[in-house]
Amino acid sequence: MNILKGELQISFENESLHAWYCGGVAGSGKSTRIIKDVEYRLKKQASSIISVPTKLMVEQYKSNMKKVGVSFVEITYENNSADEFVWQRLISQFINLAHTPNVVLCTHKGLLGAIEQMNDDVIEAALYVDEEMKVFDCGTDPNTEIRGLPTKLAKSLKFPMVFGETVTGVDSSFITESDKYHQIMSKMENPIYNLVHYEVGDFKLAWLFELDMRAIVKKFKKVIFVSALHELSEQSFLMKYQGIELHDIGWGLPDKHYTKRELEIEGVLKHKEWRTNIVGSKHNSPARLEVLKHANSNLPFGEILLVSGDIKTSGLFNNINIKAISHGLNEYKDANYAVELRCSMPCSFEASYLKSKLGMSNLDIRISRYYLQVYQRLMRSSIRCSDTDELLNQKISWVVGDMKLANWLKEQFTGSPNVTVLESSLNLAIDIDISTKARKQRTDKRFQSRNEAERKWCARKLKSCKEHLSNIADQVVVKVMDYCLEERRLNDTKITDTMFIELIAQEA
């Protein structure tokens, strides 16, 4: 299969941009502090905008602001529809803020839609972005059944570097009327999104868009990003990559949890991480079912079990499925028991981009994409409630996928005396320590690779250049590969596929 890959170089302006953040832990009072801030600003005849990810959080803000007598105007979508009038109403309200100080409540979706349509004028208001935005849009279209169609689709979308012959006999409307076409085109034509990577194969199209955080920061007099453990988030890494200087807002909220309550965090997998390729892609995979039954077997009579995952739990006693993204929601505060069954990690080319461009390590990616989501879901339980005498006698139990995650969660409770991590009594068949398995000696000694990393590099180079090596003698490939290995070691030379193929042609 021919694969065309594109990784675009995005240049950012030299202009220095500044933004502020608050990364207090979940339940530390971030939303309460925002309301105090906007109330103070309103008394000083200064406007504020509060943007949140969901309509449910808007309702929560409305309730809390009414209690303290803060006036506001709400501009949101109705019934989650793609109501373009929301953008127009937001833009009109933003313009009015220069004349009539007010507080505007909106969603991230509405905010981004409005910014996309506006000119370069700065809005005279402070923007509070409560909870992380979705800063990457990664997608694939694996359902294209006509050979060459992804290339034609990519050309019609004006993906850079897409060239060559296109498939004939396909009605153009077959492409332009598809949902995928409109989904991608909406980002291609959007000034606040950048296409940063794509892959076009014979039967598959994959893409990665990045949100231009600079467009948001430029638009408002001051921007404050507020989310639990913000410095660990993808959003934080992206802003730093885009040249935005982040400053702690200095609200002094706790960055670690403290509780007198007894909390047990049970890790299921001892040797492996809870990942889709380990536990299975289906929501009702055997591993998930086994962990769910285990969590239910330890559930005291009458207690609620929060279940994270789309697995059907109707046949089990008193289970409640918790939302995948649970930022800012407190409707599960009566639950003392939870089990985490979801997996959430980026695809390989998205992960490569996070590492190569944003400078994120494998652990950084794991924390930002998975640990923080688990943390947010579990913090919706009663652990966030005040330590009353009644609660002090109630133990809280969380069952999570693996011991690495369990230990990371415990670190968030530094200084709490009654937080413990337990290895699960479950011994799943998938939890095999690969380090104990005897490795077979390799018989392939063609190349003078000195370690496993070099051997894998050789294998990747052979795979990516396979179609050019079919008629090349083995001794030529060995000679060129050994030369390239030596260049990498001595001169730190980056051997591209093009360079490798040219060297092969010279020797052949």
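This note goes through the overall build, one helix, the cysteines and the internal space of a predicted model.

1. **Overall build.** The protein chain has 508 residues, and 48% of them are buried. Its secondary structure comprises 18 helices and 17 strands. Along the principal axes, the C-alpha trace spans about 80 × 60 × 50 Å.

2. **Helix H2, length.** H2 covers residues 55–67, which makes 13 residues. At 1.5 Å a residue, the helix should span 18 Å. The C-alpha atoms at its ends lie 19 Å apart, so expectation and model agree.

3. **Helix H2, faces.** Which residues of H2 are buried? They are Met57, Val58, Tyr61, Lys62 and Met65. Viewed down the axis of H2, these buried residues fall within an arc of 145°, so they line one face of the helix. Lys66 and Lys67 sit on the other side of H2 and are exposed. Note the lysines: Lys62 is on the buried list, whereas Lys66 and Lys67 are exposed.

4. **Cysteines.** The disulfide count is 0. Why does cysteine 22 have no bond to cysteine 106? A disulfide needs the two sulfur atoms within 2.5 Å. The closest cysteine sulfur to that of cysteine 22 is in cysteine 106, and because it is 19 Å away, it is too far for a bond. The search from the other end gives cysteine 22 as the closest partner of cysteine 106, again at 19 Å and too far.

5. **Cysteine burial.** Are these two cysteines buried or exposed? Buried means under 20% relative accessible area. Cysteine 22 has 5% relative accessibility, so it counts as buried. Cysteine 106 has 0%, so it counts as buried too.

6. **Cavity, size.** Rolling a probe the size of a water molecule over the atoms shows where empty space is left. How many cavities of 30 Å³ or more does a search of the whole structure find? It finds 1. The largest cavity has a volume of about 30 Å³.

7. **Cavity, lining.** The largest cavity is lined by Leu306, Val307, Ser308, Ile322, Ala338, Val339, Glu340, Arg377 and Leu378. Three elements give two or more residues to this lining: strand S13 (305–308), strand S15 (337–340) and helix H13 (362–378). By class, the lining holds 6 nonpolar, 1 polar and 2 charged residues. Glu340 and Arg377 are the charged pair by class, and Ser308 is the polar residue.

Definitions and conventions:
Residues are numbered from 1 along each chain as its sequence is written. This is a predicted model: local features need pLDDT of at least 70, side-chain atom pairs count only at pLDDT 80 or more; totals for chains, interfaces and linings use all residues. Side-chain values use heavy atoms; hydrogens and water are left out. On a 1 Å grid over the protein atoms alone, a cavity is a set of points where a 1.4 Å probe fits but cannot get out, and a pocket is an open set with protein on both sides within 12 Å along at least five of seven lines; lining residues have an atom within 4 Å of a point. Grid points are joined across faces, edges and corners, and a volume is the space filled by probe spheres set on the points. Helices (H or I, at least four residues) and strands (E, at least two) are DSSP runs, numbered from the N terminus. Buried means under 20% relative accessible area, exposed over 50%, partly exposed in between (1.4 Å probe, protein chains only). The expected span of a helix is 1.5 Å times one less than its number of residues. The arc is that of the directions from the helix axis to the C-beta atoms.
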